[in-house]
Amino acid sequence: MYLKTLTLRGFKSFASSTTLALEPGITAVVGPNGSGKSNVVDALSWVMGEQGAKTLRGGKMEDVIFAGTAGRAPLGRAEVVLTIDNSDGALPIEYAEVTISRTMFRSGGSEYAINGNTCRLLDVQELLSDSGIGREMHVIVGQGQLDSVLRATPEERRGFVEEAAGVLKHRKRKEKALRK
Ligand code: ATP
Ligand code: MG
């Protein structure tokens, strides 16, 4: 399993549709300060279901939508599409290629789809939760974040282990059921 393509449309500084083609192995994104490298990483978190505006380096969730520049008007929606190669069957779905997309409108609300079928955030989370590419913070380690992993509380550390062991989704389901 590996990430194949990432498409950004109206996401942060990527006003025009931009597709990054990735290969198996290590990918490095290089560029001058402010050119959008971290925005690419934010797009990856976002399409996998990230719910925290702060994690996405914004004040509110709508801040991911292209806000306009001197020469270009703001956009009304952001969309990110992630294609994952699943020919080894690592994701629990019977497709050799899996496409996850998330769209957000300035008027509010997010829509998710798996292989073009509208789904819930929970479906995206469950699809990814056993794969090692879930949205939890130890997957995407930001600048200075290594420190916080090392200084994690016992509860947080338990969360890492649970996700790695594939039981986090069951705990989330249980918590959800208990809230009802
Ligand atoms: P550095 O090397 O300093 O870490 P970077 O390549 O990681 O830089 P980013 O943080 O990805 O840069 O991009 C920052 C740019 O994205 C800024 O110019 C900022 O104005 C722009 N930006 C962020 N959100 C939006 C938005 N919603 N609409 C338009 N532009 C945005
Ligand atoms: Mg950066």
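This is a working chat about a predicted model, its sheet, its helices and the surroundings of its ligand.

Student: Let's start with the sheet. In what order do the strands run?
Tutor: The order is β2-β1-β3-β4-β5-β6. These six strands make an open sheet, and the pairing is antiparallel.

Student: Which strands sit at the edges?
Tutor: β2, residues 18–21, and β6 are the edge strands. Each pairs on one side only.

Student: And what does the twist average from one strand to the next?
Tutor: It averages 20°.

Student: Which helices pack on the sheet?
Tutor: Helix α1, residues 37–47, is one of them. α1 touches β1, β2, β3 and β4. Its direction makes about 80° with that of β3. α2 also packs on the sheet, and it touches β4, β5 and β6. The direction of α2 makes about 45° with that of β5.

Student: Back to β3. How many bridges does β3 make with β1?
Tutor: Seven. β1 covers residues 2–9 and β3 covers residues 77–85. The two pair in the antiparallel sense.

Student: Which residues stand opposite each other there?
Tutor: L3 has I84 in β3 as its bridge partner. T7 stands opposite V81, also in β3.

Student: How many bridges join β3 to β4?
Tutor: Nine, with the strands running antiparallel. β4 spans residues 97–105. Within this pairing, V80 is opposite R102 of β4.

Student: Stay with R102. Buried or exposed?
Tutor: R102 is buried, because 23 other C-beta atoms lie within 10 Å. The cut-off for buried is 20 or more.

Student: What does R102 touch, leaving aside neighbours within four places in sequence?
Tutor: R102 is in contact with W46, V47, V80, S110 and Y112. V80 is also the residue opposite R102 in the strand pairing.

Student: And how far is R102 from A43 in space?
Tutor: Their C-alpha atoms are separated by 9.7 Å. Along the chain they are 59 residues apart.

Student: New topic, α2. Which of its residues are buried?
Tutor: V124, L127, L128 and S129. The helix itself spans residues 121–129.

Student: What do those buried residues pack against?
Tutor: β4, β5 and β6 from the sheet, plus the helices α4 (154–165) and α5 (168–179).

Student: What lies between α4 and α5?
Tutor: A loop, and G166 is in it. G166 touches S129 and D130, not counting residues up to four places away in sequence. S129 is one of the buried residues of α2.

Student: Why does G166 count as partly exposed?
Tutor: Because it has 13 other C-beta atoms within 10 Å. Partly exposed lies between 12 or fewer, which is exposed, and 20 or more, which is buried.

Student: How far is G166 from Y2?
Tutor: 19 Å in space, C-alpha to C-alpha. In sequence they are 164 residues apart.

Student: Now the ligand. How many residues surround ligand 1?
Tutor: 14. The closest are N33, K37, S38, N39 and A67.

Student: What kinds of residue make up that shell?
Tutor: Three nonpolar, eight polar and three charged.

Student: What does UniProt say about a binding site?
Tutor: An unreviewed UniProt entry places the feature "binding site" at P32, N33, G34, S35, G36, K37, S38 and N39.

Student: Take G36 and N39. Where are they?
Tutor: G36 lies in the loop between β2 and α1. N39 is found in helix α1.

Student: Which of the two is buried?
Tutor: N39 counts as buried, because it has 20 C-beta neighbours inside 10 Å. G36 is partly exposed, with 18 other C-beta atoms within 10 Å.

Student: What do they touch beyond four places in sequence?
Tutor: G36 is in contact with K12, S13 and F14. N39 touches K12, S13 and F14.

Student: K12 keeps coming up. Where is it, and what is its phi?
Tutor: K12 lies in the loop between β1 and β2. Its phi is positive, about 50°, although K12 is not a glycine. Most residues other than glycine have a negative phi. K12 counts as buried, with 23 C-beta neighbours inside 10 Å.

Student: And N115, where is that?
Tutor: In the loop between β5 and β6. Phi of N115 is near 50°, a positive value in a residue other than glycine. N115 counts as partly exposed, because it has 13 C-beta neighbours inside 10 Å.

Notes: Residues numbered from 1 in each chain as written. Chains lettered and ligands numbered in written order. Predicted model: local features only at pLDDT ≥ 70, side-chain atom pairs only at ≥ 80, totals over all residues. Pairing = 2+ DSSP bridges. Helix = DSSP H or I, 4+ residues; strand = E, 2+ residues; numbered from the N terminus. Contact = placed C-beta atoms within 7 Å. Near = placed C-beta within 6 Å. Nonpolar A, V, L, I, M, F, W, Y, C, P; charged D, E, K, R; others polar. Axes fitted to C-alpha atoms, helices over the stretch in contact; angles between N-to-C directions. UniProt positions renumbered as here; feature names shortened; annotations may be inferred.
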